[in-house]
Protein chains: 2
Amino acid sequence: MVKLSTKGRYGVKAMFDLAQHVGEGPTSLKSIAERQGISEHYLEQLISGLRKAGLVKSIRGAQGGYLLGREPDKIRIGDIIRVLEGPIAPTDCVSEEAPEICSKAEFCVTRTIWEKVRDSIADVLDSITLETMLEDARKIESERSLYMYYI
Amino acid sequence: MVKLSTKGRYGVKAMFDLAQHVGEGPTSLKSIAERQGISEHYLEQLISGLRKAGLVKSIRGAQGGYLLGREPDKIRIGDIIRVLEGPIAPTDCVSEEAPEICSKAEFCVTRTIWEKVRDSIADVLDSITLETMLEDARKIESERSLYMYYI
DNA sequence: TTTATATCTTATAAAAATACTCGGGATTTG
DNA sequence: CAAATCCCGAGTATTTTTATAAGATATAAA
């Protein structure tokens, strides 16, 4: 329940991979797929949507690949998820986009629960950017080397 | 994405319906299904799980039906959702129950995101009980009659 | 200019999950 | 006994997910 599909998970992984290679020129899909353990063909479909949404830029041809469409601190996880999985919506009646109209909506008590769930998910996803993830990764890495040092 | 299935939605509706009839003796599945606009046979399957989990009690035979297994303020929406949709888990690696082991878990930055999503969903669902919903419903109803009065 | 490297597009499809549907059996009340 | 109700398991249609595949297009480098 309330489960992310592989689209969202793979997409975030791929975007984070791109963020880790910012400033190194275009990154090929093949290398991302290999590092992240994702089918290249499948990832192709996902990144196509990300490109159309402007979250990544593509450079075709040999030595081509993908680049982030904006600075890592300007790309929220929520942006990625919405492109790949659609609007955040635990139920259709509280979808962020074009919620399904229900005649009982005004008096519906369950509806208010789903609204709270939707907002709490959106808050989390919109509070984290690729830059946040990079910082977390750096922190984990430095803790790891500190630990290695003491062995 | 991150969508509730009908199981969770119907289940919460049915449980709320039972809460609204507390103290009136057993409520038949048929009447719940009619009021909530749910297939009776389908609801039967769902309530079977709720019964096994102790969230409802059943009384068989003519004039039989279902009763809440505990006081409305002792039944959290999260309890209902977990029975019908399984543990809260935006991804398998951060499932509330038996999370899938991943060798990279310690260093995985995406994982921490899904943990935050999971916790925010659980917090919302566990902060709302059937009693909360009854209070909300009463509030809506009183506002509604006030409005009617002024017309 | 040719070749290798990539992205881009569309079509197909297997597998899994979802949402029911159906039939009949067990239990209790009147 | 008959009607009302819960109980249980099997079957099924639809949708979603998760790919796989083939080939077209674009570019850099040799």
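**Two protein chains and two DNA strands: a group-meeting presentation**

Let me begin with a single residue: B:Gly37, which comes after helix α2 of chain B, has a positive phi, near 65 degrees. Before going further, I should state that this is a predicted model.

I remain with that helix for a moment. Helix α2 of chain B spans residues 29–36, and its buried residues are B:Leu29, B:Ile32, B:Ala33 and B:Gln36. These residues lie on the same side of α2(B), because the arc they cover around the axis is only 95 degrees. As for their partners, the buried residues of α2(B) pack against α1, α3 and β2 of chain B.

I turn next to the relation between the two protein chains. In general, a rotation about an axis and a shift along it relate two copies of a chain. Here, a turn of 180 degrees with a shift of 0.0 Å along the axis lays chain B on chain A, and the RMSD is 0.0 Å. This is the relation of a two-fold axis. Which C-alpha of chain B is nearest the axis? That of B:Val2, at 1.9 Å from the axis. Both copies use the same surface, as 100% of the contact residues of chain B recur in chain A.

I now come to the DNA, starting with strand D. DNA strand D is surrounded by 26 residues, and the closest are A:Thr6, A:Gln45, A:Arg60, B:Arg51 and B:Ser58. Of the atoms of this strand that come within 4 Å of the protein, 68% are accounted for by sugar and phosphate. The surface near DNA strand D receives at least two residues from each of the following: α1 and α3 of chain A, and α3, β1 and β2 of chain B. In terms of residue class, that surface comprises seven nonpolar, 15 polar and four charged residues.

Three individual distances deserve mention for this strand. On the backbone of the DNA, a phosphate oxygen of strand D lies 3.0 Å from a polar side-chain atom of A:Tyr10. At the bases, an N or O atom in the side chain of A:Arg60 is 2.8 Å from a base oxygen of DNA strand D. A:Ala62 contributes through its backbone, where a polar atom is 3.2 Å from a base oxygen of DNA strand D.

For strand C, the count is 22 surrounding residues, with A:Leu29, A:Ser58, A:Tyr66, B:Thr6 and B:Gln45 the closest. Sugar or phosphate makes up 64% of the atoms of DNA strand C within 4 Å of the protein, and bases make up the rest. Which side chain has an N or O atom 2.3 Å from a base oxygen of DNA strand C? The side chain is that of B:Gln45. From chain A, an N or O atom in the side chain of A:Glu44 is 3.2 Å from a base nitrogen of DNA strand C. A base oxygen of DNA strand C also lies 3.2 Å from a backbone N or O atom of B:Ala62. Two or more residues of the surface near this strand come from each of α3, β1 and β2 of chain A and α1 and α3 of chain B. By class, this surface has seven nonpolar, 11 polar and four charged residues.

I close with A:Arg76, in the loop between β2 and α4 of chain A. Its relative accessibility is 32%, so A:Arg76 counts as partly exposed. Beyond its neighbours within four places in sequence, A:Arg76 is in contact with A:Arg82, A:Leu125, A:Asp126, A:Ile128 and A:Thr129.

Conventions. Residues numbered from 1 in each chain as written. Chains lettered and ligands numbered in written order. Predicted model: local features only at pLDDT ≥ 70, side-chain atom pairs only at ≥ 80, totals over all residues. Heavy atoms only, no water. Near = heavy atom within 4 Å. Polar contact = N/O pair within 3.5 Å; in protein donor to acceptor, adjacent residues only side chain to side chain. Helix = DSSP H or I, 4+ residues; strand = E, 2+ residues; numbered from the N terminus. Nonpolar A, V, L, I, M, F, W, Y, C, P; charged D, E, K, R; others polar. Least-squares fit on C-alpha atoms with pLDDT ≥ 70 in both. Contact = heavy atoms within 4.5 Å. Buried < 20%, exposed > 50% of the residue type's maximum accessible area, 1.4 Å probe, protein only. Arc of directions from axis to C-beta.
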